[in-house]
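Here is a short report on one protein model. It follows a strand, a loop and a pair of helices.

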Amino acid sequence: MSDCNRPIGILDSGIGGYSVARQVRQLLPGEDLLYFGDGAHVPYGNYSAEHIVQLARYMFRFLEARGVKALLVACNTISCLLDRCRDGVSCPVFSAVEAGARAAARMEAERVGVISTVFTHNSRCYPEKILALSPRKKVVLSCGCPDLARLVEHSLGSPDGMARVEENLRLELDGMVRRDKIECCVLGCTHYPLVRESIQRLYPGLPLIDPAEEMAAGLRDDLERRGLSAPAGRRGGLTIYTTGDVDEYALRARQVGLEPVDQVAFYPPLEV
């Protein structure tokens with residue numbers, strides 16, 4: 001296989017990384033995408049650091065063995081522990097947290113909100129990185145959402161499920177928007193962009209930062225710099241592996257606009 005035709009690896013704790021795959025496909029339609037979603041263990045944000053590192057290394061090894069030319073860590077929770085997870089990975093690795101922090105740091109807003117999993121929130125990685133990268137003084141407010149990723153994972157396309165998602169969004173975001181007066185919000189879990197329309201309906205006018213957009217742009221620049229972009233005019237494919245429910249992953253891919261999908265296959269979960 002030509003190096004230019006090697007796939008792009010995307011990993012996530014569940015279907016949240018579909019938001020990253022969607023952005024990459026839009027920007028780089030000629031690239032083959034190889035997606036791994038660890039549906040058996042979603043959400044990662046409620047695990048210990050040791051368990052998250054074990055689970056992440058399992059996915060890293062899977063994708064590295066399949067010769068990916070770049071690896072996008074869509075899971076923000078894994079991104080907080082990236083230095084402990086990527087030993088032995090030979091290709092460039094892109095972090096959702098790094099991408100989201102860079103995008104937030106460029107914003108004119110002085111009061112930045114971040115919603116994420118509990119683990120990402122407790123790590124303080126977003127506030128620390130945003131403040132370190134920002135050329136101007138900012139206040140960064142973070143909220144850890146224990147249930148939102150799980151609700152999104154299993155509620156897309158269900159009116160009752162989406163009602164629960166919106167109820168949870170109000171529970172988690174109301175204080176930051178109405179009391180703390182945030183001027184923008186980082187969607188610090190890749191599940192959250194999948195319900196972006198709901199957030200915009202609940203909080204019209206609130207600018208939302210999707211790290212997936214920055215990741216896709218960074219990937220494009222990296223491939224061009226290394227001379228590894230897919231040939232012009234090529235149609236890229238998408239293969240999905242999951243430790244979860246294959247039928248659900250196929251359905252969710254259709255619901256978020258990822259068709260066509262070449263294959264959705266089961267891969268045994270890591271026992272932890």
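Contact here means heavy atoms within 4.5 Å. The model is predicted: local features need pLDDT of at least 70, side-chain atom pairs count only at pLDDT 80 or more, and totals for chains, interfaces and linings use all residues. Residues are numbered from 1 along each chain as its sequence is written, and side-chain values use heavy atoms, with hydrogens and water left out.

**The helix pair**

Helices (H or I, at least four residues) and strands (E, at least two) are DSSP runs, numbered from the N terminus. The table lists what two helices bring to their contact.

| Helix | Residues in the contact |
|---|---|
| α1 | S19, V20, Q23, V24, L27 |
| α11 | A212, E213, M215, A216, A217, L219, R220 |

The residues of this contact of α1 with α11 divide into 8 nonpolar, 2 polar and 2 charged. Nonpolar covers Ala, Val, Leu, Ile, Met, Phe, Trp, Tyr, Cys and Pro; charged covers Asp, Glu, Lys and Arg; the others, Gly among them, are polar.

**The strand and the loop**

Strand β1 spans 8-12, and S13 lies in the loop between β1 and α1. Buried means under 20% relative accessible area (1.4 Å probe, protein chains only). In β1, 5 of the 5 residues are buried, so the strand is largely enclosed by the rest of the structure. I8, I10 and D12 cover one side; G9 and L11 cover the other.

β1 runs parallel to β2 (residues 33-37), joined by 5 bridges. Two strands pair if DSSP finds at least two bridges between them. D12 stands opposite G37 in β2.

S13 is buried too, at 5% relative accessible area. Not counting residues up to four places away in sequence, S13 touches residues including G37, D38, H191 and Y249.

How values were computed. Buried means under 20% relative accessible area, exposed over 50%, partly exposed in between (1.4 Å probe, protein chains only).
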